[in-house]
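Hello,

Here is the structure I promised to pass on to you. My notes on it follow below, so have it open while you read.

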Amino acid sequence: MVTISTSKITEIIEQQRIFFHTGKTKDVNFRLKQLQKLKQLVTENTAAITQALKADLNKSEFEAYATEISSINEISYAIKNIKNWTKPKKADVPLDFFSYSAKIYPEPLGVVLIISPWNYPFGLIISPLVGAIAAGNCAIIKPSELAPHTSNLVVELITKYFPSEYIAVVEGGVETSQELLANKFDHIFFTGGTSIGKIVMAAAAKHLTPVTLELGGKSPCIVDTDINLEHTARRITWGKFINSGQTCVAPDYLLVNQNIKQDLIAAIQKTLKEFYGDNPAQSPDYGRIISHRHFERLTKFLNNGKIVVGGETNFEEKYIAPTILDNVALTDTVMQEEIFGPILPVIEYTDIKDAIALINSQAKPLALYLFTQNQPLQQRILQETSSGGVCINDTIMHIGVSSLPFGGVGDSGIGSYHGKASFDTFSHYKSVLKNSFWLDLNWRYAPYKDKLSLLKKIIK
Ligand code: NAD
């Protein structure tokens, strides 16, 4: 990792400001070309990307493709829609504004900063970058220091495909991140933990810089009895244990109807065997924990409740088996913090109102999962809980739909992206009202004498 000095950071920002003010990024054809280049960057380097993800997270080739290289979809979606997104949109004017016309112009913000986490260290750089490029900005990217192979590769690729006065990568850890944050940007797009999100927002406030905070939290997964058990078990197992549970929208814990709890645990156990064999440590498809610090943080959770599935660990390999914990108390640390690993606590309920009350007593989650065919129950959960997004009868899949904005609410984040929402996030919508000269009614000009009664008729 090359550490970049403070003066170098200032220099990159200044060069990007100069480039931005040339107006080149405002040209839609320029943006289109850069999106095509970004697509090329990904498609021409899938082998290297897969290798880096394997080295950082023991990510399988399939998962690398499905969850990170798949950001190609976001690029293609932007390429397809950019001409439409960038067009000024006509706005209605009231009747008494008959001599005016109104339009809303999207315009780029300028130089933006993208700070990324380690769990999807490639995809979570490319996805926001698509929005930054499509909206016509220059961008500085700060990858996570905890995924060094991917971070190095991102430097290599971005440097090869883009000039640094347009898109640059600054590698480094907390200190580098803080040095970057000391500067003024036109937008900061941060993906990471809630506590660091607060630090980022405080730093941004000093410059009145707008932020998008894509954070985490405990995403609950409610399981009712009115389900297809086999499908439910597969979809939960996949969503929880993909990337070894290190997914911001992984189901954090299960809230299961008491009548189906034992069946569900047995079905998940069976599914785990189908997915990863008798010993997941030997499965080519099962990942590893990113660092020894996170390994130790996670293994402490294994002292909570009772391990009913898994529980095996290997410090050297940073391996934690897919684990299910039963008899967990809400006061246990595993229920107090975001888990972000392959440990699934199960909490049972007898009355759905208790499950709802539990969710509402905690910080608003990034995702909420509900397994039931019962439509009134689906409506009730939507009505009575708040979360960044909801996925019914599945897990995680909602973030793969470009037409659905993705983001948190409350402690799980501010703002959203994906598809058009990414373009919106990195744009300013400039309202423009235009008058003409063919008429100039004097109802608003002084002297106001006798004009108030007319005004009262207009304003109602
Ligand atoms: P993190 O917050 O520790 O780090 C994220 C980034 O912030 C890294 O680039 C890191 O270098 C930087 N950073 C760390 N400490 C900093 C500080 N004090 N000041 C400035 N910058 C700092 O997060 P992480 O461990 O990389 O990722 C895990 C968290 O991210 C989880 O909470 C997860 O839920 C969340 N997450 C959210 C999403 C989402 O889309 N909402 C996606 C992935 C991960």
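Let me start with a pocket. The second largest one has 15 lining residues, and those nearest its centre are Asp-96, Phe-97, Tyr-100, Leu-441 and Trp-443. Please keep in mind that this is a predicted model. The volume of this second largest pocket comes to about 300 Å³. Sorted by class, its lining consists of 10 nonpolar, two polar and three charged residues.

Two of the names above come back on the surface. Leu-441 and Trp-443 belong to a nonpolar surface patch of about 800 Å², together with Phe-98, Trp-438, Leu-439, Leu-454, Ile-458 and Ile-459. Leu-441 itself sits in the loop that runs between β18 (427–434) and α16 (452–458). Its relative accessibility is 44%, so Leu-441 counts as partly exposed.

Now to the charged side chains. Side chains of opposite charge can pair when their charged atoms come close. Searching the whole structure turns up 15 salt bridges, and a few are worth pointing out on your screen.

One of them joins the side chains of Asp-186 and Arg-17, at 2.8 Å from N to O. Arg-17 is in helix α1 (residues 6–21), while Asp-186 is in the loop between α8 (174–181) and β6 (187–191), so this pair ties together parts that lie 169 residues apart in sequence. With a relative accessible area of 24%, Arg-17 is partly exposed.

Another salt bridge is formed by the side chains of Arg-288 and Glu-317, at 3.1 Å from N to O. This pair also links distant parts of the chain, 29 residues apart: Arg-288 is in the loop between α11 (261–276) and α12 (292–301), and Glu-317 is in the loop between β11 (313–314) and β12 (319–320). Are these two partners buried or partly exposed? Arg-288 is buried, because its relative accessible area is 10%, under the 20% cut-off. Glu-317, at 40% relative accessibility, counts as partly exposed.

A further salt bridge pairs Lys-353 with Asp-351, where the closest N and O atoms are 3.8 Å apart. Lys-353 is partly exposed, with a relative accessible area of 47%, and Asp-351 is partly exposed as well, with 32%.

Finally, have a look at Lys-261, Asp-326 and Glu-348, which are linked in a network of salt bridges.

Happy to go through any of this with you.

Best wishes

Key
Residues are numbered from 1 along each chain as its sequence is written. This is a predicted model: local features need pLDDT of at least 70, side-chain atom pairs count only at pLDDT 80 or more; totals for chains, interfaces and linings use all residues. Side-chain values use heavy atoms; hydrogens and water are left out. On a 1 Å grid over the protein atoms alone, a cavity is a set of points where a 1.4 Å probe fits but cannot get out, and a pocket is an open set with protein on both sides within 12 Å along at least five of seven lines; lining residues have an atom within 4 Å of a point. Grid points are joined across faces, edges and corners, and a volume is the space filled by probe spheres set on the points. Ala, Val, Leu, Ile, Met, Phe, Trp, Tyr, Cys and Pro count as nonpolar, Asp, Glu, Lys and Arg as charged, and the others, Gly among them, as polar. Patches are made of residues with over 30% relative accessible area and no salt bridge: like charges are joined within 9 Å, nonpolar side chains (Val, Leu, Ile, Met, Phe, Trp, Tyr) within 5 Å. Accessible areas come from the Shrake-Rupley method with a 1.4 Å probe; for residues, only the protein chains shown count as cover. A salt bridge is a side-chain nitrogen of Lys or Arg within 4 Å of a carboxyl oxygen of Asp or Glu. Helices (H or I, at least four residues) and strands (E, at least two) are DSSP runs, numbered from the N terminus. Buried means under 20% relative accessible area, exposed over 50%, partly exposed in between (1.4 Å probe, protein chains only).
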